[in-house]
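Me: I have a model open and would like a close look at one part of it. Please take the strands and sheets of one chain and explain them in plain terms.

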Amino acid sequence: MAEDQASLLAAIESRWITGGSALEAAPAEWTNLAGDDPGEGELRLLALTGQLAQIMFRPKPPATMTRRGELPMPALPILPDAARAPFRAAMKSAGTNAIAGHILALLESRGYAAHPFDWMPDPRNAHLPDAYLPLAQWVASGEAQGAQDAALTAENWDDFFPAARRAAVATMRVSNPEAALLLLAQKFGGEPAEVRTALMEVFAINPSAADVPFLESLATDRSGKVQAAARQYLARLGRGPAEASGDAAEFVEAKTTGILKRTQVFEPVKLKTAGQMERRKALFADLTLEALAASFSCDELSFLRMWQWDKDAECNTLLIDLAARSATDATIDAFAAMLFGVKDRDPRPLNLLAGRLKDADIRRWHVFIADTDLTMTGETLDQGLRLYGWMSADRLLSGKLFKQVLGAFSEGDARGQAWAVPALGILGLLADRPAAEAMLEKLRDAGIGIGARETSILRLNSQLVQTTNSSPGT
Amino acid sequence: MTFSLDDIEKLAPDQASLNAASKLTNTSKWPKLQQSGGSNLFWGECQGSGSNPYRVVVDGGDHGYKCSCPPRKFPCKHSLALMWMISSGGAEFREAQPPDWVTEWMGRRRKTAPEPDAQAGPQPSAPKNIATAGVPEPASEVDPQAAIQREAAAAKRREKTQAAIAEAMDELEQWVGDQLRTGLNAFIAGATERCRRIAARMVDLKAGALGGRIDEVPSRLMELEGEEKPTAAMIELGKLVIIAKAWRRNPDDPEIRRIVASSETREQVLTDPDATRIRSVWEVVGEQIRTRPDGLVSHSTWLLDVGNDTRRFALLLDFYPASSGRRESVFVQGERFDAEIVYYPAKSPLRAVIASRQAVAEGSAEEWPRNSSGDRTDPLLAYAELQAACPWLASAPILLDAGALSVDQRNRVWWQAAGDNMALPLSNAVPEAALGLELERSFGVWNGARLELLRAETRLGRVSFDG
């Protein structure tokens, strides 16, 4: 706005701000328009000055304005428009961050990333899918050109945010495990306990005897969780402590059963108080399966085989979790085969092992889920999902789980529907695209609206046409 | 199960609804008719009395229905008409995937398989007969004397209305003068109460539309920083003076009458031989839905002419009571169609209705026109020109050339032109990702102090900021 006009407007406005006439502040050619009536003149002056201000006004930007760096694109193609609405609905209905993570993994399995206007990553999340790391870097720093464009080194370690750092170390564990170990030896100790605990997960990738010295050095780590994790990884490598497990063994009782053929079995000691249960849980968290088995002079697998699984479900969970964290790969394979062999068993124990299962066993486990009883499902079933969008319609539609889900909706069974909602989410994550479409059709026939919240993951799945640069079921 | 005529008769709340529905069974009133055979769903868009068409969906499975019209009767005439067209088989429903609004409706409802009688609510006392629906009433004999009396009464009503509005304009100017005498600071401090009182007087004196506008002044002032408010108040009050004077100069000017009293009906606009008509490809570039202090919801849909390089916009504007519930969007953001738009008469036409509409080929993506050309580099030049022609306008659509979003120290977001020669503060929140995108072209509504950014062309495609 021209300076003189701005000054003129300011002078007139200042008269009106506190009240009174502004005619004296106006130039003669304006007041001439007003005529002889001062009241009318004031109104005309108001109309003129208001309109001048409206047309000439330009907002004055503040001296300091920040422009964020260019938004990087996710490392995969953006979700097509048709899938964006079901994606938003699915993320909205995802009850937990874990489910949201599975939805993103389903997208990734078909070769897509979420549209940045629909979802943006939280850089504090240490488990972000790799495709979103550039975006997370941008959110964290406002810059697209982050340190993660360079290889992670001891020098630029602090420039990486935790998820990017974990991803970089994980990549190095495959491509250059010696360099990864060297880097961890230099930088691990300087991180806070929470970050160190998350970083320990990289030892699940490509474990080898070369890890042993570093893991053994963590015996004196400041964090009990890190110490326990180190012991468990050592145990997986067959380097667990030879000594017995001490106090934890007090919660297990060795018995002999059978009259003609005497057989040794192990079963949990019956507990009477919540305090005892808490202590058992704490001791098991800090243990290895090998050490526990050693307390009873047997090996890991023998101990698991002799365990009495029908005594205490909570202790079963602790034991399976212990196996998942610390048993050797050979023990895990044999244990999984043992669990698969038991019919009509609650599938949840397998869920705890899923992180250690081979892909073929994961698929067997998923088939197991599809044929499990609705009452045995729950939110926990999603914990071990690792393969997405691969199961065919004939398996899913003929499975007990989907039939019971359908029954719960068509019969208006409120309790069954409460179970059916998370179960449908799991089925939506497992199904391949034709299976998702087929399930939606069956659900529609059962009276479920095509836009029902419960079907949002299925609808998303049905919209995700496989891209050429993705591999199904991963 | 789909629909039989018996079903429709049972569902209809009364004979009048059946009569009204029969008039809507003409497919010319339905620019879109689609179905999803697998799910027994039928939906369409019916051009009703509003500027935006109504979205109607019926479920042939359980006879559920939903229409975006203001609900007065259930089912409404649009739902009944859609059922009727399904029943008669005379209309062609194209097979399609259910759009989001149909999907969302299905998601919100639970099928309980109600009997048609139960869903139709209490049985009306008057009998219904679908066979007689639409049959014209026998023409009554024209009484010339009664016609003269009716005309005289109408003229008298018009005269009384003009007199009331003249009184309203006098009161308004008196009130504006009072605000200047007591000071803009005092006006700003008591704006809600002061504006409410004068707005109520405007409504009493037949200047209802102007009353609604005055009622919104306090909320517009509230959006601004303290130092901006006196100038904004001066502008708002100045425009009221301009409107009052423009009305006195020509009370029959349709544009001013629309601002002061009431709008023409859709039919009046469509049959106006002098109305500007533009046939082109239009893109839906934004939507604004606001609940006003007077309890009305204003629903604005902005269309951009992408078939011509004219920077021409059209505004489809509807009002409905907030008590009638949330109204869904009628168009999908970015939707394009070939349509004839008829503008309400105005110095610089903006508000419009759609006379006819048809789909354009999928994937057609005409470029948005550039805002600047030659020496026209000021992004607000078009706005200034519009203000010069129609100084009563509070806000106007603008197209912006290349720019990006920046954040100031108070975390306010600004649209900043490439080259940094201009920055406009935003009134709306934007997704975080938008802060890292170059906005090749943008569309928004500028009110002289704030930009409501609605849509932009980016390397992510055209993105919407209005949800």
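Reply: What follows describes two sheets of chain B, then turns briefly to a helix of chain A.

This is a predicted model, in which local features need pLDDT of at least 70 and side-chain atom pairs count only at pLDDT 80 or more, while totals for chains, interfaces and linings use all residues. Residues are numbered from 1 along each chain as its sequence is written, and chains are lettered from A and ligands numbered from 1 in the order in which they are written.

Some terms come first. Strands (E, at least two residues) and helices (H or I, at least four) are DSSP runs, numbered from the N terminus. Two strands pair if DSSP finds at least two bridges between them.

One open sheet of chain B has five strands in the order β4-β3-β2-β1-β5, and its pairing is mixed. The edges are held by β4 (64–67) and β5 (94–95) of chain B; each has a single partner strand, so one side of each is left without a neighbour in the sheet. Further in, β1 (residues 32–36) and β2 (residues 41–46) of chain B are antiparallel and share five bridges. Within this pair, Gln35(B) has Phe42(B) in β2(B) as its bridge partner.

A helix also belongs to this picture. Helix α3 (residues 77–88) of chain B lies across β2, β3 (54–59) and β4 of chain B, and runs at about 55° to β3(B). Such angles run from 0 to 180 degrees between N-to-C directions, with axes fitted to C-alpha atoms, for helices over the stretch in contact; two residues are in contact if their C-beta atoms, placed from the backbone, lie within 7 Å.

The other open sheet of chain B has four strands, ordered β11-β16-β17-β18, with antiparallel pairing. Here β11 (396–400) and β18 (461–464) of chain B are the edge strands, each with a single partner strand, so one side of each lacks a neighbour in the sheet. On average, neighbouring strands of this sheet are turned by 20° against each other, direction ignored. The antiparallel strands β11(B) and β16 (residues 441–446) of chain B are joined by five bridges. Across from Leu399(B) stands Phe443(B) in β16(B).

For a helix in chain A, take α5 (residues 97–109): its 13 residues reach 18 Å from first C-alpha to last, close to the 18 Å expected at 1.5 Å a residue. That expected span is 1.5 Å times one less than the number of residues. After α5(A) comes Gly111(A), whose phi is positive, near 95°.
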